[in-house]
Amino acid sequence: MRLRQKVATWLLPELKNLAYTSAGHGRRSQSWSAPASGPNNALTGNLGTLINRSRAAIRNDPWAASGLEKLVANIIGTGIKPKSEASNDRFRKKLQTLFLDWTDESGADGQLDFYGQQSLATRSMLESGECFIRFRPRKLEDGFSVPLQLQLLESEFVPWDYNDDLKNGHTIRAGIEFNAIGQRVAYWMHKAHPSDYTTLDTANLRRIPAEQILHIYEPLRPGQLRGQPLLTQVLLRMFHLDKFDDATLLRQEIANLFTGFITKPAPEQEKVDPLTGRPIVYDLQGVPMVAMEPGTMQELSPGEEITFNTPPGAASNYPDFIRQQLMAVAAGIGLPYEILSGDMKGVSDRALRVVLNEFRRRIQQIQHNQIVFQLCRPVWNYWLDLAVLSGAIHAPGYHTRKADYRRVKWIPQGWPYMHPVQDMQAQNLAVRSGFKSRSEVVSEQGYDSEQIDDEIAADNRRADELALQYDSDARNDLKTTPSTDKDDSPDEQKTAQ
């Protein structure tokens with residue numbers, strides 16, 4: 001019995017490897033390094049290197065910079081804007097106006113409005129994997145419409161290598177403090193950026209309650225505490241691709257140095273310098289032997305020949321190679337190759353529509369999971385609390401009806417139509433068929449339906465006052481449509497008889 005168990009134990013790993021070829025340890029997989037690691041040890045151990053190399057690539061590599069900028073432009077655009085859905089119409093309009101006034105005051109440094117901060121936070125999240133935002137309440141005498149500002153902080157403000165067990169039962173992992181049930185209760189942060197040359201105090205960390213901090217990042221594994229830079233999978237490829245491209249460029253630069261060489265028979269006797277043993281140089285001006293100009297017909301002496309250099313040029317498959325590598329880079333950062341490179345060669349309208357639909361689905365995922373859920377909603381709730389407490393807006397029974405007052409819909413900038421006429425006709429048909437509301441169509445374009453209704457009403461009033469008529473006014477169609485009576489006229493009845 002023991003012998004059978006030993007044989008089974010010895011054969012069990014082999015049987016497992018036969019079941020899954022990717023789990024084998026044969027010759028083909030000997031150099032495959034796949035260490036076992038948790039979601040945080042795998043990342044935090046090398047996070048500093050990943051962040052620094054990611055930023056270096058974005059500073060110096062045009063493909064990395066272009067990919068990041070296009071992702072930020074598609075995720076945020078001109079901003080993801082709120083549309084209050086509070087039940088009170090009058091309160092809703094006042095709230096929209098108040099928030100619009102506050103967006104110009106949201107930046108703690110005064111350089112960006114709220115939607116510019118959305119773009120910067122998204123850029124930081126993609127570049128370094130995460131971004132921290134700190135709520136900065138202000139005094140009433142500071143003169144803000146709502147006494148609140150937002151401060152954006154980079155990843156280095158929270159040290160990812162800081163881990164500790166506290167006496168109160170809390171634990172600190174990657175600079176984040178957790179209570180006994182795993183809830184985030186605080187962030188341990190530097191007072192200033194630890195890599196900034198103006199920083200003097202980087203040893204002392206300050207405990208900031210979690211209620212004052214927003215952590216914007218995309219977790220890729222359950223339990224992951226810190227964010228991973230977007231370029232992680234393609235950094236090494238882009239580094240070597242940039243070196244290869246630079247070497248090819250240098251080779252072409254050398255190839256453009258068009259040089260000619262004149263050879264002639266060796267002289268029977270040549271005067272040489274007795275001290276150096278080299279031929280005596282008569283021309284001290286450094287003028288070349290033969291200077292070529294357009295239309296030159298150079299006469300050579302008997303026995304002389306002229307040859308030109310033939311340096312190697314770029315390989316014939318260079319464009320295809322670069323295209324294949326950029327396709328891998330685009331796949332690694334989640335951006336279509338056509339958008340990253342601008343190369344639309346051989347792409348039809350239908351194929352491009354499929355590519356854009358898949359890309360937009362990914363963008364919408366980031367908009368909802370990171371920007372709206374982690375950034376916009378908490379900011380809206382915190383801002384509304386301070387707006388009510390400061391008296392900037394009156395909300396009766398706010399403490400018992402917070403859910404109603406806080407209800408909001410965040411609307412990103414709309415996608416442009418690929419085929420405007422066809423797409424508009426499809427939207428019109430969907431609304432008329434009851435498959436979609438008019439408000440939803442307006443929201444998909446990044447606008448507020450109530451604001452559009454107010455603008456249309458104002459346009460109609462102004463047109464009526466000035467006695468103007470436009471084809472866009474649907475009321476004109478109702479006025480000119482002939483009415484149909486249920487009963488036929490007498491003449492029509494006689495004709496029918």
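Start with the lining of the largest pocket in this predicted model, where a colouring by residue class will pick out 11 nonpolar, nine polar and nine charged residues. The pocket that these residues surround has a volume of about 900 Å³, and among the 29 residues that line this largest pocket, R360, Q364, W415, E440 and E444 are the closest to its centre. Centre the view on those five, and then add the secondary-structure elements: α10 (349-389), β12 (408-411), α12 (420-432) and α13 (438-444) each supply at least two residues of the lining. If you keep just one of these elements highlighted, let it be α10, from which the largest share of the lining comes, namely nine residues.

Next, select P82, Q96, L100, D448 and Q451, which lie nearest the centre of the second largest pocket, a space lined by 26 residues. About 680 Å³ of space lies in this second largest pocket, and its lining, coloured by class as before, has eight nonpolar, 10 polar and eight charged residues. To see which elements frame the view, show β1 (81-84), α5 (89-103) and α14 (449-465), each of which supplies at least two residues of the lining of the second largest pocket. Of the elements here, α5 gives the most to that lining, with seven residues.

Now leave the pockets and display helix α3 (residues 47-60) together with helix α6 (residues 114-128), which pack at an angle of about 115° with their axes 8 Å apart. Show the side chains of I51, S54, R55 and I58 on α3, and those of R123, E127 and S128 on α6, for these are the residues that make the contact. By class, the residues of this contact of α3 with α6 divide into two nonpolar, two polar and three charged.

Stay with these two helices for the last stop, the enclosed space. How many cavities of 30 Å³ or more does a search of the whole structure find? The search finds one, and about 40 Å³ of space lies in this largest cavity. Select S54, I58, A64, G67, L68, L126, E127, L230 and L231 to display its lining; the elements that give two or more residues to this lining are α3, α4 (62-75) and α6. Helix α4 gives the most to the lining of the cavity, with three residues. A final colouring by class divides the residues of the cavity lining into six nonpolar, two polar and one charged. With S54, I58 and E127 still selected, you can return to the contact of α3 with α6, where these residues also take part.

Terms used. Residues are numbered from 1 along each chain as its sequence is written. This is a predicted model: local features need pLDDT of at least 70, side-chain atom pairs count only at pLDDT 80 or more; totals for chains, interfaces and linings use all residues. Side-chain values use heavy atoms; hydrogens and water are left out. On a 1 Å grid over the protein atoms alone, a cavity is a set of points where a 1.4 Å probe fits but cannot get out, and a pocket is an open set with protein on both sides within 12 Å along at least five of seven lines; lining residues have an atom within 4 Å of a point. Grid points are joined across faces, edges and corners, and a volume is the space filled by probe spheres set on the points. Helices (H or I, at least four residues) and strands (E, at least two) are DSSP runs, numbered from the N terminus. Ala, Val, Leu, Ile, Met, Phe, Trp, Tyr, Cys and Pro count as nonpolar, Asp, Glu, Lys and Arg as charged, and the others, Gly among them, as polar. Axes are lines fitted to C-alpha atoms, for helices over the stretch in contact, and angles run from 0 to 180 degrees between N-to-C directions. Contact means heavy atoms within 4.5 Å.
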